[in-house]
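Welcome! Take a moment to look over the sequence and turn the 3D view around before reading on.

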Amino acid sequence: MLENIENNNYVGKYKFRELKVYSSTEWLADNNKKYRQVFDRYETSYIYAEFSFYNKYFDIDDWEIDIELKCFSVKKGKKEICSLPLKRKVSKFDNISYIREGWGNKREGTFWKKGNYYWEVWVDGEKISTKYFYIEEADYNGIAGENKYMDILYAKLYEGPYDDIPEADRVYYKCFSGDETRYIYCEILLKNLNISKSWQCELFIKFYNNAKELKGQVIRLQKIDKKDDEVKITAGWGSNVKGSWRNDKYTAEIIFMDKQVAVLPFEVDDDFVEGINPLTIANSPNPKLYNPEIDNYTLDDVMDKLNSLIGLNHIKQKVKDHAKYIQFLQLRKDKGFDESDEINIHSVFIGNPGTGNTTVAGMMGMLYKKMGLLSKGHVHEVDRVDLVGEYIGQTAPKVKEAIEKARGGVLFIDEAYALARSNDDTKDFGREVIEILVKEMSNGKGDMAVIVAGYPKEMKHFLDSNPGLKSRFRINYEFPDYLPQELIQIGEKACSEKGISMTEAAQGKINNYIVEAYRNRDKSFGNARFIHNLIEEAKVNLGLRIMNKKAQKTYTKEELSVVEIDDVLNIKIIPNKTIPHIPIDENLLKESLLELDKLIGMNKVKTQIHEMVNLVRYYRITNKNVLHSFYLHTIFIGNPGTGKTTVARILAKIYKALGILEKGHMVETDRQGLVAGFVGQTAIKTAEKIDEAIGGVLFIDEAYSLSNHTGGAHGDFGDEAIQILLKRMEDQRGKFFVFVAGYTDNMEVFIKANPGLASRFDKTLKFEDYNPEDLNQIALQMVHEENYVLEDEAKEHLAKYLEFIYQFRDKYFGNARSVRQVVQEIIKNQNLRLAALPTEELLNQISNIIEYKDVETLKLDKNAFVFNRKTIGFKNN
């Protein structure tokens, strides 16, 4: 072996590892460099080659190697740029050896020209490896470091196997399931800025976890032809084995020519969440957030979208004039005029419901973004409940949070007049909201437009409530009611969106309904909302007609989409009727609200109900028809044991106290109480339950089970129950209310089961899991109700145990139900302890004291919970 060294015979002394190219001499961790293959001519001085190999004489002896690095240009045939013979000593202490050398000129942009090149490494007269690299040249504008090659239009993420999936099958996610994810792919769309020539684009996509540890890196090298306006590149990292991604927050960082050009955040958690996260674009002096729903539009696109709206001609013209004036002011600034006043973009939208103000607000955000006045252009919509706190000190944080969410876009405050209910109500925290808004609009951080909306008379009162409001809101847009011909157009568009068409007779009757409704309209007229509900009713009746016949599956696609005259005639356009005037039962209302307030936790739910009570009082005082303004059908979402049924019963009593329900009783049912197993029986069962609930509330627990399809030949009768419910809810509006309850995700499936459901349920109460403090209060209350007393040590252990089971809770955790199981277990232990005592000793014991030994069986071990997950099979005793 030593003889071979002396004779400089390299055979067996090394094993080739890699040949890489770089230009920066900066040292990185683990003896690495900033390797790449594409370089900008005007940013390049020297191009280096790195030849690395494994030293087979590691830990044996030193030796020397003679190599030659050659560089060639391939622009016009093969032209040698340089030949560098090198002799290097290989240390026995290096298991991997690196030989680096470069060629060029220290002055950037002078030696290397645009073209294709490659390095070769030769050892002992034998070519070992070749590595290509590319020098690119964009139109030089004298600004060093600026990306002149491409813009990133969007980046979005999807999941797939090693060999990727077709674009048509991709589902884009904001959050990925840790258990189900294989590879996470980043799909990137580039805008080619260097259109005068073809060039090589090299992107590094690096995936980092929340600790900024590199999860993986993918390099994509792609030729961009000068005819290419846009180019799509995909790259993914992961494993074909599911579970290689841990639950964490991640970023996909896109690197181009050694510079970070974009960062796309995403999460890995328990479940997939569809959507596209905002992309932080970093290749400009001021990094911005990219929103694909806005940035894909040009200013002309926004104007075209505005023009495509039905009606609103005055609004369209005023928006165009406003945009032109802003451009005029910007032009004056560019020409050196001193425009000391900031461009005012805060607006007041005045009009009745359904006149398009929310749609136009979204377009204003896009418009201001395109004109450079806002950085994001999104719309954050809020109302009084989102801004006003229940107690002193709660309002300011809520308002500031809403402002920061809207920063860069539009803060849209619907029914803003509710923030200024009366001039003499000094205890109303709505005024605090107004003061914070005025301060923000006067000398805040900026980068935000505030749009307030509401009825004309009420909005005048709102603007008069604070002297600073009128001076901040200088732009007023008045949204008139749609004309009959415009409402008919909206109806035709709604039909197209809902996938239905109408016979000539049916369309004529719908048009008659629209004209009649327009003639009889009042302030509460729903405009476009009324039209959408009308078309939805026609579709519901079409569905009922089809489903009431046999052999539904034999119908053609056309027959399933054409609304006939009978379907329209079955729509009941109920005129405003005089409803019984039932005075508010103040004693019952006070009692019901006190019962609600005594419930532990659920502060947000309580706030919503108190707001509703105040709103109904306001409507009653002003002689408004509550039942024609709101449906008051309510969705209760939350996990088991969070108090949904309890609150539903209290809410039924509150409705009775307010005089909007005649009886106020509650009929509780579920799928079994509504759905039958044979044709024709479901309609009877559902109708019977509704009849029983007239004057009160029909409470449907686990309502999502109605939309579960069996896949059988005759479909699922749960859908029939939904159709009947919808029709009765509309036909007998105000005579009874429907409360539906269930898990959050499952209830979303239920609401989507029929488009008419979402429009009927205008109120949602979300019940969060109880926190440990709430669980402990519930447990102590249950113990007290059973006439037992906990010793201090037992009480302390119980609190620790409840905090423990909360920490390790899963979707089977029953909240208050689980607490009741725990309390029952404790009482059982106490009773067994006393039962084991001799009779004489038992007589000297206080029988309602719970000691530590009664609770010590509650182990802080998640495998020993007293509540159990659902399992398949027989239960062990």
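## How helix α24 begins and ends

At the start of α24, which backbone nitrogen does a side-chain oxygen of N771 reach? The backbone nitrogen of E773 is the partner, and the oxygen comes to within 3.1 Å of it. Keep in mind as you explore that this is a predicted model.

Helix α24 covers residues 772-785. With 14 residues at 1.5 Å a residue, α24 should span 20 Å, and this agrees with its end C-alpha atoms, which are 20 Å apart. Just beyond the helix, N787 adopts a positive phi of about 65 degrees.

## What surrounds α24

The buried residues of α24 are P772, D774, L775, N776, I778, A779, M782 and V783. Among the elements covering them are β32 (789-790), α25 (792-807), α26 and β33 (849-850).

One of these neighbours, α26, runs over residues 816-835 and holds S818. Is S818 buried or exposed? Its relative accessible area is 3%, and a residue counts as buried under 20%, so S818 is buried. The side chain of S818 also reaches the backbone nitrogen of G814, at 2.8 Å.

## Two faces of helix α15

Now find helix α15, residues 586-598. Its 13 residues should span 18 Å at 1.5 Å a residue, and the end C-alpha atoms are indeed 18 Å apart.

Which residues of α15 are buried? They are L588, L589, S592, L593 and L596. If you look down the axis of α15, these buried residues fall within an arc of 125 degrees, so they line one face of the helix. What covers them includes α16 (603-621) and α18 (644-657). On the face turned away from the buried side, α15 carries the exposed residues N587, K590 and K598.

## Strand β3 and its partners

Finally, move to strand β3, which is made of residues 46-55. Why can we call β3 largely enclosed by the rest of the structure? Eight of its ten residues are buried, and that is the reason.

Strand β1 (residues 14-22) is joined to β3 by eight bridges, and the two run antiparallel. Within this pairing, E18 has S52 in β3 as its bridge partner. Strand β6 (residues 96-104) also pairs with β3 in the antiparallel sense, over nine bridges. Here E50 stands opposite R100 in β6.

As you trace these strands, a general rule may help: in a regular strand, side chains alternate between the two faces of the sheet.

Notes
Residues are numbered from 1 along each chain as its sequence is written. This is a predicted model: local features need pLDDT of at least 70, side-chain atom pairs count only at pLDDT 80 or more; totals for chains, interfaces and linings use all residues. Side-chain values use heavy atoms; hydrogens and water are left out. Helices (H or I, at least four residues) and strands (E, at least two) are DSSP runs, numbered from the N terminus. The expected span of a helix is 1.5 Å times one less than its number of residues. Buried means under 20% relative accessible area, exposed over 50%, partly exposed in between (1.4 Å probe, protein chains only). The arc is that of the directions from the helix axis to the C-beta atoms. Contact means heavy atoms within 4.5 Å. A polar contact is a pair of N or O atoms within 3.5 Å; within protein, one must be able to donate a hydrogen and the other to accept it, and residues adjacent in sequence count only if both atoms are side-chain atoms. Two strands pair if DSSP finds at least two bridges between them.
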